[in-house]
Amino acid sequence: MQLLIMRHGEAGWHTLDQERELTEAGRLGVAEVAARIAESPWRPKLVWSSPYVRARQTAAIVSEILNCPVEEKRFITPDDDPAACLDALIEHHESPLLIVSHMPLVGGLATLLVDAHRRGIPFMTSQAVMLDMPVVGPGCADLKAQFLP
């Protein structure tokens, strides 16, 4: 399986974390990264998005540029356990897949898949990584590419 993991674009402030919206700089950063992914050999067939506003906005931009559908997933919010996402990935067979989510989940998921631990690596806003996994499981992925705004 080929998996792209992307952190949402830069977001503004809101009293409710779930309602934070992308800034103009965030929209531009997401579009830059999506264009780089479009030029790569790893164009996703599907995007999974967190239900938070900033992730949905990020996924919409990515979807438009890459011409692929978006599915909202409730188990990829900032404080969710990366293991729940791993369980869903084991059942999912469409590849490449792009996940749009938040820190610390994106960092924890990436390190769970590459290094088999959950300490997490930092992700910039709009950053994406491409992982290649012969089988989906902890420590089974190789980091193949990074896409930075």
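Helices and strands here are DSSP runs (H or I over at least four residues for helices, E over at least two for strands), numbered from the N terminus. The model is a predicted one, so local features need pLDDT of at least 70 and side-chain atom pairs count only at pLDDT 80 or more, while totals for chains, interfaces and linings use all residues. Residues are numbered from 1 along each chain as its sequence is written, and side-chain values use heavy atoms, with hydrogens and water left out.

**Exercise 1. Find serine 126 and work out whether it is buried or exposed.**

Step 1: look in the loop between α4 (105–115) and β5, where serine 126 sits.
Step 2: check the accessibility. Buried means under 20% relative accessible area, exposed over 50%, and partly exposed in between (1.4 Å probe, protein chains only). Serine 126 comes out at 2%, so it counts as buried.
Step 3: list its partners, taking contact as heavy atoms within 4.5 Å. Skipping neighbours within four places in sequence, serine 126 touches residues including Met6, His8, Gly29, Val33 and Phe147.

**Exercise 2. Lay out the sheet and say which strands are at its edges.**

Step 1: pair the strands; two of them pair if DSSP finds at least two bridges between them. That gives an open, six-stranded sheet with mixed pairing, in the order β3-β2-β4-β1-β5-β6.
Step 2: pick out β3 (70–72) and β6 (142–147), the edge strands, each pairing on one side only.
Step 3: zoom in on β1 (residues 2–7) and β5 (residues 128–132), which run antiparallel over five bridges. Across that pairing, leucine 3 faces leucine 131 of β5.

**Exercise 3. Test the length of helix α1, then find what its buried residues pack against.**

Step 1: the expected span is 1.5 Å times one less than the number of residues. For the 16 residues of α1 (residues 24–39) that is 22 Å, and the end C-alpha atoms lie 23 Å apart, which agrees.
Step 2: mark Gly26, Gly29, Val30, Val33, Ala34 and Ile37 as buried. They share one side of α1, because their arc (taken from the directions from the helix axis to the C-beta atoms) is only 130°.
Step 3: turn to the face away from that buried side, where the exposed Glu24 and Glu39 are.
Step 4: follow the buried residues to their packing partners: β1, α2 (53–66), β4 (97–101), β5 and β6.
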